[in-house]
Structure formats: C-alpha cells, structure tokens
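Here's a quick rundown of the enclosed empty space in this one. Have a look at the model first, then we'll go through the cavities and what lines them.

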Amino acid sequence: MKRIVTRLCIALVLGGFLLSCTDDFTELNTDPKNFTTDAITSSEYPLFVQRALYTPNFLPFDSARGPFQLWHSLFSDVYANYFATTAPNFDSDQFILVGGWLNGAYRYFYSRSAPNIKFAEDTALELGFDLENAMMKVWRVYAYHRVTDYWGPIPYSNFGNLENQVSYDSQQDIYNDFFTTLAEAITVLQSNAGGTSFLGGNDVIFGGDVDKWTKFANTLRLRLAMRVKYVDPALSQSNAEAAISGGVMTSNDDNALIQTNLNFTNSYTTITQWGEFRMSGDMESILKGYQDPRVATYYAPATTPDAADDPAGVDFPYEGMRNGQTAESKATTPFNDLASNMAGPYTLGGDPGPAWIVMAAAEAYFLRAEAALEGWAAGGTAEDLYNQGITQSHLQHGYDGTNLSGDDYVTSGLTPAAIDGSNPAVSTVPVAYNAAGSAEAQLEQIITQKWIALWPDSEEAYAERRRTGYPVLYDRLNTLNPNIAVDEIPRRMTYTATEFADNTEEVNAAISNLLGGPDLGTTKLWWDAKN
C-alpha cells in the first residue's frame with residue numbers, strides 16, 4: 001500500500017496533539033527516526049501513547065465512527081450474532097463481504113492505528129523507556145491479533161519499511177512472533193513489579209500501573225494460546241500454562257477499560273442514533289431462557305414487546321430478530337420497534353457512553369476453564385473456573401449472581417428458550433455445569449457463557465465461533481453469498497481494493513503462498529483447524 005502501509009506517514013503537531021497521515025511529509029517519511037530523536041522527549045511522549053491506545057478501539061476525537069461501523073458493527077457484530085441489521089441495504093448480514101466497507105476498515109488500521117503504535121513503540125526504544133516499550137509491545141500484539149484474525153496473512157513485520165511494496169507474514173509466523181513478543185514484554189513488566197510508569201493518566205487503560213499491565217499481557221497471551229489449540233496443541237499448552245503461572249486477571253479490579261469522555265466517546269453512542277441494527281434472536285433465546293439479568297445492561301426493552309413468550313412469572317420485554325432478513329423484509333417490517341436497541345447508556349447522543357471494555361477478568365476464567373478441560377495446569381478445575389467466570393461477569397455489571405426469578409444463576413438447569421411460535425430455542429445447553437457430560441459438551445457450556453460475557457467485544461466472539469463452533473446459534477434466514485450457506489459463517493474477510501491497487505505483487509503472493517486457499521470468505525485461517 002503505497003500511501004498507507006509502506007510510508008509510515010506520521011504528521012506530528014504537538015500543540016494540538018493531532019496525528020494524521022498525509023502525503024506532505026516526504027522528509028519525515030524518508031528519515032522518521034531523526035525526527036523522533038530530535039523532537040520527542042519524556043514530556044511529549046505520553047501524548048503519543050495515549051493516541052496509540054485510543055485508535056485501535058475507535059475512540060479518537062476525529063472520524064473513527066465510520067471505521068467503527070465498517071469494521072465492528074457491520075461484520076463482527078453480525079457474525080458473532082450479537083446484533084442483526086435492520087437497514088435494508090446492509091447485505092453483510094446475508095454474508096456479502098462488502099469490499100468498500102472492508103477497504104475502509106483496513107485503511108483505517110494501517111493509516112491510523114498501526115502508525116500510532118509503531119511510533120510509540122519505536123520511540124520508547126530510542127529514548128530508553130524500556131518499561132513503556134514493553135507496554136507498547138503488548139499493545140501491538142493486542143491490536144494486530146484482531147487484524148490477522150479477520151484477514152489471515154497481513155503486513156506485519158515489514159510495516160513501515162518505507163518501500164513501495166510490503167510483504168505479508170503468514171498467520172503462523174505472526175502468532176509465533178506474538179508469543180515471543182509477549183514473553184519478552186512480560187519479563188520487562190515483571191522486573192518492574194509494583195512500579196508505575198511516568199505515563200500517568202495518558203495511559204488511558206491502567207494509569208501506568210505496571211502490575212495491571214502484567215496481568216493484561218498474561219491474559220492476552222492466554223487468549224492467543226487457546227486460539228491455536230487445534231492447530232498446535234503443544235504451542236498452545238506451553239503458552240497457556242506460562243501465562244496462567246505468570247498471573248492473569250482474577251478480579252474486575254484487573255479489567256482493561258478505556259474510560260470515555262466527550263473527546264473520546266464510545267462509538268456505539270453515535271451509530272445507535274442511526275437506527276440500523278437491533279438485538280439478535282440468538283441473544284433473546286439464550287438470555288431469556290437463562291433468565292439472565294445482564295440483558296438489562298446489554299439491551300433496552302423493545303418499543304412494542306411481545307409478552308406471549310415471556311418465561312412464567314418473569315417480565316421479559318427484550319426482543320430479538322433473526323439474522324439474514326431480506327431487504328424487502330427489513331423495508332416492510334418495523335424491526336426497530338419490534339426488536340431491542342442497545343441499553344440506554346449506549347444510545348445517548350452527545351454523551352461519552354460506557355467505558356470501552358478491552359478485556360475483562362471473566363474471560364480469563366473461561367480461558368482457564370478450557371485449559372483445565374484439556375488437563376493443563378490452570379489453577380483450578382474446569383467446573384470451578386467456569387462458575388467463577390460467570391460470577392465475575394455478573395459482578396462486572398453489578399449483579400448479585402441470581403437470575404430474573406431470584407434463583408442462583410450458576411446452578412440453574414435453565415436452557416435457551418424459543419423466541420416466538422415459529423423459532424424454537426437456539427440450543428439445549430444448560431447453565432449448570434454438566435460435570436458428567438462429555439468434554440465437548442462442557443466446552444459448549446464454557447464458550448456459550450464466554451460469548452455472553454464478552455459482549456460487546458464481537459471481534460473476539462466471532463473468532464471464538466470460528467475456532468470452536470460454539471455457541472450453537474440460529475442459521476441465517478437467507479444468504480446472498482453463493483459460497484457461504486445459511487448454516488455456515490464467513491471464515492475470514494477478503495483482501496481489499498487498496499491492497500490490489502497499491503501492493504499488488506505482495507497481496508497476490510500472500511494469496512498464492514500464505515493463505516492456504518482462494519481469497520474467499522470460505523478459506524479458513526491457520527488456527528481455524530478444529531475437525
């Protein structure tokens with residue numbers, strides 16, 4: 001990508017703290033390191049870290065709302081089945097991998113997020129900020145794993161090489177580098193245990209708390225270790241056990257959250273104003289069947305709810321809609337009234353909105369539960385860790401562990417429910433851990449509860465659907481993609497027009513030599529190897 005990936009365009013205006021990418025900084029692009037060492041000191045550096053932390057999660061004060069919709073809302077939100085689209089022309093919900101939308105998402109990452117992270121990481125190294133360099137290494141892994149988990153092979157190790165063509169790395173090589181990078185960063189973080197970075201409040205996630213960065217790094221390592229379980233069990237086990245022994249998140253005090261403000265708002269507060277999506281039928285079936293109180297934190301009551309299918313003795317005004325509605329159906333049915341919007345805090349225009357959840361302790365428990373299910377050293381039994389994951393998720397959102405009937409949630413035998421007279425329950429998986437069940441049945445329980453707890457991190461939920469096949473969710477009502485049937489989901493995103501235009505030789509080489517199949521949504525990623 002001549003104008004995006006290869007030129008590392010960093011226009012720095014310290015007084016206004018603006019970071020953008022233009023063609024006007026040829027000298028900077030020729031020798032960015034000279035600019036760095038001459039212009040950036042410890043007093044300015046924290047501002048660039050702040051920017052690097054905001055941009056991958058679409059929280060800057062400029063035009064990130066569009067990329068958020070193109071990347072997160074129109075693809076992973078509907079492929080994780082957290083939401084279904086109500087806009088008639090949104091064909092991604094019927095498995096069309098809309099090229100223009102993907103191009104906008106890809107361009108955003110490589111013109112905004114990637115340069116910010118590289119600048120913060122490289123500058124820390126040049127200025128001898130070893131601790132901050134370790135923090136930015138962890139953040140690089142976090143940001144890039146979401147990109148490779150969308151596309152597979154991507155420009156990674158050669159990003160910012162100042163050449164007109166940038167080669168791709170295989171996903172296997174990228175993941176191997178992730179594990180190496182995290183191990184190196186964790187060593188530095190652990191050597192500074194109990195310390196605080198001079199970044200202070202510019203570290204918008206942990207305020208410079210080194211111990212929390214260490215737990216985040218280990219939890220991220222555990223997430224990625226479990227991601228490769230089916231393709232490389234030995235690599236998975238060694239990294240999972242190292243992460244757990246190194247110390248992962250164990251309470252909601254450890255959660256990685258980005259607090260919002262009027263300059264850095266939760267992008268959902270913007271796109272909910274457009275009225276283009278609503279709660280999925282899958283979420284209704286599962287949350288209603290489990291009588292899950294978290295539904296009130298996630299979604300708002302529908303404008304015109306249907307009480308006919310509510311659980312006995314329980315008022316449940318939250319309604320979902322099936323994914324894959326035709327354009328005609330969406331144009332003629334008032335789904336915006338019949339199905340639930342996001343909960344109130346996500347819909348207040350002009351308000352900062354809820355904190356953005358980067359990673360939470362509940363996920364760490366579900367990851368450990370899966371590791372324990374494999375017989376690995378996870379610091380507890382699969383059942384105990386599963387129950388703790390549910391408990392932490394409830395506590396995270398202010399609930400006491402009871403369901404909507406006032407009964408204990410984790411020991412409940414409740415299962416998903418029908419969403420109406422035409423759509424039976426999405427699955428039969430119970431809440432109470434089935435210790436006598438098969439390992440696969442227990443895995444389904446773990447991932448189903450993990451899917452609920454991850455909301456609204458649909459990028460992670462979508463990756464886990466592909467990796468494990470869980471949770472079991474409704475088929476699409478319709479598909480417009482001849483390669484993807486209604487009972488399947490896209491396994492990856494297709495490469496973008498910008499790459500074919502500007503990085504032609506390398507993207508074609510990646511397809512031929514690294515991808516493992518044609519540039520289609522049906523080609524599985526390297527780690528997507530479950531039989």
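There are five cavities of 30 Å³ or more in this structure, which is a predicted model. The largest holds about 90 Å³ of space, and the second largest about 60 Å³.

**Largest cavity**
- The lining is made up of Arg223, Ile357, Val358, Met359, Ala360, Ala362, Glu363, Gln396, Ala453, Leu454 and Asp457.
- Three elements each chip in at least two lining residues: β6 (356-359), α15 (361-373) and α17 (439-454).
- Of the elements, β6 gives the largest share of this lining, with three residues.
- Sorted by character, the lining comes out as seven nonpolar residues, one polar and three charged.

**Second largest cavity**
- Here the walls are formed by His145, Arg146, Asp149, Tyr150, Arg223, Arg227, Asp457, Glu459, Glu460, Ala463 and Arg466.
- At least two lining residues come from each of α6 (130-151), α8 (210-227) and α18 (458-468).
- Charged residues make up eight of this lining, alongside two nonpolar and one polar.

**Side by side**
- Arg223 and Asp457 turn up in both linings.
- Which classes do the lining residues fall into? For the largest cavity, the split is seven nonpolar, one polar and three charged; for the second largest, it is two nonpolar, one polar and eight charged.

Definitions and conventions: Residues are numbered from 1 along each chain as its sequence is written. This is a predicted model: local features need pLDDT of at least 70, side-chain atom pairs count only at pLDDT 80 or more; totals for chains, interfaces and linings use all residues. Side-chain values use heavy atoms; hydrogens and water are left out. On a 1 Å grid over the protein atoms alone, a cavity is a set of points where a 1.4 Å probe fits but cannot get out, and a pocket is an open set with protein on both sides within 12 Å along at least five of seven lines; lining residues have an atom within 4 Å of a point. Grid points are joined across faces, edges and corners, and a volume is the space filled by probe spheres set on the points. Helices (H or I, at least four residues) and strands (E, at least two) are DSSP runs, numbered from the N terminus. Ala, Val, Leu, Ile, Met, Phe, Trp, Tyr, Cys and Pro count as nonpolar, Asp, Glu, Lys and Arg as charged, and the others, Gly among them, as polar.
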